[in-house]
Amino acid sequence: FSQMRTIAAFFTTFALVLTAGVASAATWCVPDALIEYRNCRSVAPTIQEAVDGAKSGDLIIVGRGTYVERVVVDKYLTIRGLPGAHVTDAALQPEAGSALVRFKGTMTRGPRIERLTLDVVMSDVGVLVDSGVAHAELKFVQVRGHVTPRLPVGVQASGTLRFGFRGTRRATTVDQALVTGFAIGIDLRD
């Protein structure tokens, strides 16, 4: 009987730990995602506002449509686009050294972008991964450069660049991503 109580206590504790881990991750939706994705806990009008409000480990679902903004991610998140989701800087003012999407700060687990189209018009870099980001992932992402007076870079990362989905520490993983229309497609810096 004592062993059964010990086993029951173990499984109860294990279930509580699993539930706490799952419950801590929230799903954010950028407005139009509500139409197609029903598991949203929070809604934000822009991707950047969702990033700012999210906690490390959260998921941001970007709905169909065009989002005109630059996005800075400073925590471990997954940003996942639904079909037809585009981010562009076409209507923004040019800024020297700017990136359409920038992963910045110091992170032991890096952020991830999945299934999103990034149209770079006014920024110098499509995706910029700062040296403090241990591991960033781009999966099923299109980074498209358009003709501008500048010569932009598609993806710029520090450390190691891995193609495929198996990454290790200090690596940026690019898996089934399309990088087109840039003077430099992928720039690896130390």
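**Parallel strands around S8 and a five-stranded sheet**

In this predicted model, strand S8 and strand S11 (residues 125-129) run parallel and are joined by four bridges. A handy place to spot this pairing is Val-101, which sits opposite Val-127 in S11.

S8 also has a partner in strand S5 (residues 71-73): these two pair in the parallel sense as well, this time over three bridges. Here the residue to look for is Val-73, which faces Phe-103 in S8. As for S8 itself, the strand spans residues 99-103 and is mostly covered, with four of its five residues buried. A residue counts as buried when its relative accessible area is under 20%.

Now for another set of strands. Five of them make up an open sheet, lined up in the order S4-S7-S10-S13-S17, and the pairing is parallel. At the edges stand strand S4 (65-68) and strand S17 (178-180); each has just a single partner strand, so one side of each is left without a neighbour in the sheet. Going across this sheet, neighbouring strands are turned by 15° against each other on average, if direction is ignored.

One pairing within this order is that of strand S7 (residues 85-88) with strand S10 (residues 117-120): they run parallel and are joined by three bridges. To find the spot in the structure, look for Thr-88, which lies opposite Asp-119 in S10.

How values were computed. Residues are numbered from 1 along each chain as its sequence is written. This is a predicted model: local features need pLDDT of at least 70, side-chain atom pairs count only at pLDDT 80 or more; totals for chains, interfaces and linings use all residues. Side-chain values use heavy atoms; hydrogens and water are left out. Buried means under 20% relative accessible area, exposed over 50%, partly exposed in between (1.4 Å probe, protein chains only). Two strands pair if DSSP finds at least two bridges between them. Axes are lines fitted to C-alpha atoms, for helices over the stretch in contact, and angles run from 0 to 180 degrees between N-to-C directions.
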